[in-house]
Amino acid sequence: MRRIFFIQPVLIVSILLAACLPAFSGSLDSFQGEKGELKISGGTAHIPVMKEAARQIMMANPEIQISIAGGGSGVGIKQVGEGLVDIGNSGRKATDEEIGRYQLKLFQWAIDGVGPVVNPENPVKALTKDQMKDIFAGKVSNWKTLGGEDREINIYTRDEASGTRAVFWKKGLDKGPITPSAHVVVSNGAMKSAIAQDPYGIGYVSVGHIDASVAPVALDGVVPTIETVQDGAYKIARGLYSNTRGEPVGLTKKFIDFLYSPDGKKIIESKGFIPVR
Amino acid sequence: MKKYGELVAERSFLLSALASSSITVAILAFMVFMGLPLMKQAGFYQLLVKPWAPYQGTFGIYPMIVGTGCISLLSLVVAFPLSLGCSFLIATIAPKPVSKGLRRLIELMTGIPTVIYGFVGIFLLVPYIRELFRSGSGLCVLTAALVLGIMITPTMTLFFCDSFDRIPRSYLTAAEALGASRTQKLLYVILPCAKMGMLNGVILALGRAVGDTLVALMLAGNSVRVPGSVLEPARTLTAHIALVIAADYESPEFRSIFACGIVLYLFTMMVTFLVRYLSFAEGRRD
């Protein structure tokens, strides 16, 4: 009899907790009772948001396993199309041909800019669009002509699968040439650490990735930030997409819905992107 | 009963031997098949000598072949003296406990994953090279070759040590009896006897340097241009495959990496045959 008395308060507390738990988690409600694995790959600009969303979901429900890989937009579209992953992210809109071939469904959940960046030590923090085109074409090869130190400009670009590259090339360089002597790195994160390491480098990253380790370069007087992307003053912008093959179902659908929920939007904002309304 | 069992074993071994050897051939056939559309369109020779400019419609892998050649040969130049010194020390000069310890350490070094060499190189060597020469970004042929050289040194050293150990004891004692100094013993007995074994080691280390992907991908800068000096960035064939594999399956870019695969395959095959031939020649001479 005494033992039951002891158990009673524990039971009451746990029932109360169970009743209150959904109220704490808010948008995470829908993941109650779900379990299984969700595989995500593709765009590297998406990764911070994906990681935070996955962390919150897995904290609320440890039965769910979410794995996140990079690879670039091309990889994301290809892998989701081939059925290797559940969600393939891309930092560019999938082409009509890709949508047709794989029956892709596109979900744009954020707006992002692509901004040129230099090392914070570099005094050159503003360029005109023509100057930038000349730099990436290899016509201007010394920082001195732009008001910097007398050192060679080290140009960094991204690999063929990158959506960031596709957008920057189209809207930033007006499809102008990128010199073959440019260094090639494989993700937004790698670009950031390369520029943070190299005082004479110039590259471009997703605006959401710009932090104290790299300095954004104002283009025709407009500094790429969330605000300038949002009000349209900064023109090199793009959508961030999560793609699925066919209509998403189950866990995949819930994950995408979570990105559009108030909690999801909070994550997107905190990682430096603009959630779509 | 025993005979029957033996027959089964024989057949199954034959089967596994056939399977593994046919897979090797099948891989080559697969690469040729996949690369064929582009090769027909452009010609294999054209692929080998043209530059890489996907937007202008040329998918040559010439810069990557040159990049691979420069980086791997330069890494041999770095690794050879290092390995030679290490193996001399281990095999002849150092006292027994020291040489044993060193050998264990070098065996351990062969097991370090290449990504760790690349990682250390990015943080320690790249800024140093950039400021030392005050040119470029530090991500260049020289940096990659230095790290790759250090990476292949343990393999080479172990091969050298093994070939030193294979020298008959009596040769060494004979040299000592004739009053040869340590240096003389090294130069006139050990080196000539171990020549073939050392060559094997060098060739296999070269194979490892050519085949490595991550060090070059992380440190060589990956630009698609024939490097003008060792301080300029370059891209290797393996890094090129790693970078392009993400492109669309149907695109000519993607097709071109099969040409890279064929070049690498043929190179490895050549290396293997060379090693076989050399060991065969050595075996016949003895």
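Here is a walk through a two-chain model, from confidence to a single glycine.

Keep in mind that this is a predicted model, so let's begin with how far to trust it. Chain A has a mean pLDDT of 86, and 91% of its residues reach 70 or more. That confidence is not spread evenly. Helix α1 (residues 2–25) of chain A has the lowest value, a mean of 51, while strand β9 (residues 215–216) of chain A has the highest, at 94. Over residues 19–24 of chain A, pLDDT stays under 50, and for that stretch the model has one contact beyond four places in sequence.

Now to chain B. Its secondary structure comes to eleven helices and two strands. If you read along the sequence, the pattern goes α-α-β-β-α-α-α-α-α-α-α-α-α, with the two strands following the opening pair of helices. The C-alpha trace of chain B spans about 75 × 70 × 30 Å along its principal axes. Of the 286 residues in chain B, 37% are buried. As for its contacts with a separation of 6 or more, 72% are between residues 24 or more positions apart.

Where do the two chains meet? Chain A gives 20 residues to the contact, and chain B gives 20 residues. On the chain A side, α3 (73–81) and β7 (183–185) each supply at least two residues. The largest share there, three residues, belongs to α3(A). By character, the residues on the side of chain A that touches chain B are seven nonpolar, eight polar and five charged.

Back inside chain A, take helix α2 (residues 47–60). Does its length come out as expected or not as expected, at 1.5 Å a residue? Its 14 residues should span 20 Å, and the end C-alpha atoms are 20 Å apart, which agrees. Several residues of α2(A) are buried: A:I47, A:P48, A:V49, A:M50, A:A53 and A:I57. What covers these buried residues includes two strands of chain A, β1 (36–42) and β2 (64–71), along with two helices of chain A, α9 (250–260) and α10 (262–270).

Next, look at strand β8 (residues 201–206) of chain A. Six of its six residues are buried, so this strand is largely enclosed by the rest of the structure. It has pairing partners to look at too. Strand β4 (residues 104–118) of chain A runs antiparallel to β8(A), and five bridges join them. In β8(A), A:S206 stands opposite A:V114. Strand β6 (residues 154–158) of chain A pairs with β8(A) in the parallel sense, over two bridges. Here A:N154 stands opposite A:G201 of β8(A).

That brings us to A:G201 itself, which lies in strand β8 of chain A. Why is A:G201 called buried? The cut-off for a buried residue is 20 or more other C-beta atoms within 10 Å, and A:G201 has 24, so it counts as buried. Not counting residues up to four places away in sequence, A:G201 touches A:V118, A:N119, A:N154, A:Y156, A:A194 and A:I195, and also B:S137 from the other chain. A:N243 sits elsewhere: 42 residues apart along the chain from A:G201, with the two C-alpha atoms separated by 33 Å.

How values were computed: Residues are numbered from 1 along each chain as its sequence is written. Chains are lettered from A and ligands numbered from 1 in the order in which they are written. This is a predicted model: local features need pLDDT of at least 70, side-chain atom pairs count only at pLDDT 80 or more; totals for chains, interfaces and linings use all residues. Helices (H or I, at least four residues) and strands (E, at least two) are DSSP runs, numbered from the N terminus. A residue is buried if 20 or more other C-beta atoms lie within 10 Å of its own, exposed if 12 or fewer, and partly exposed in between; C-beta atoms are placed from the backbone. Two residues are in contact if their C-beta atoms, placed from the backbone, lie within 7 Å. Ala, Val, Leu, Ile, Met, Phe, Trp, Tyr, Cys and Pro count as nonpolar, Asp, Glu, Lys and Arg as charged, and the others, Gly among them, as polar. The expected span of a helix is 1.5 Å times one less than its number of residues. pLDDT is the predictor's confidence in each residue, from 0 to 100. Two strands pair if DSSP finds at least two bridges between them.
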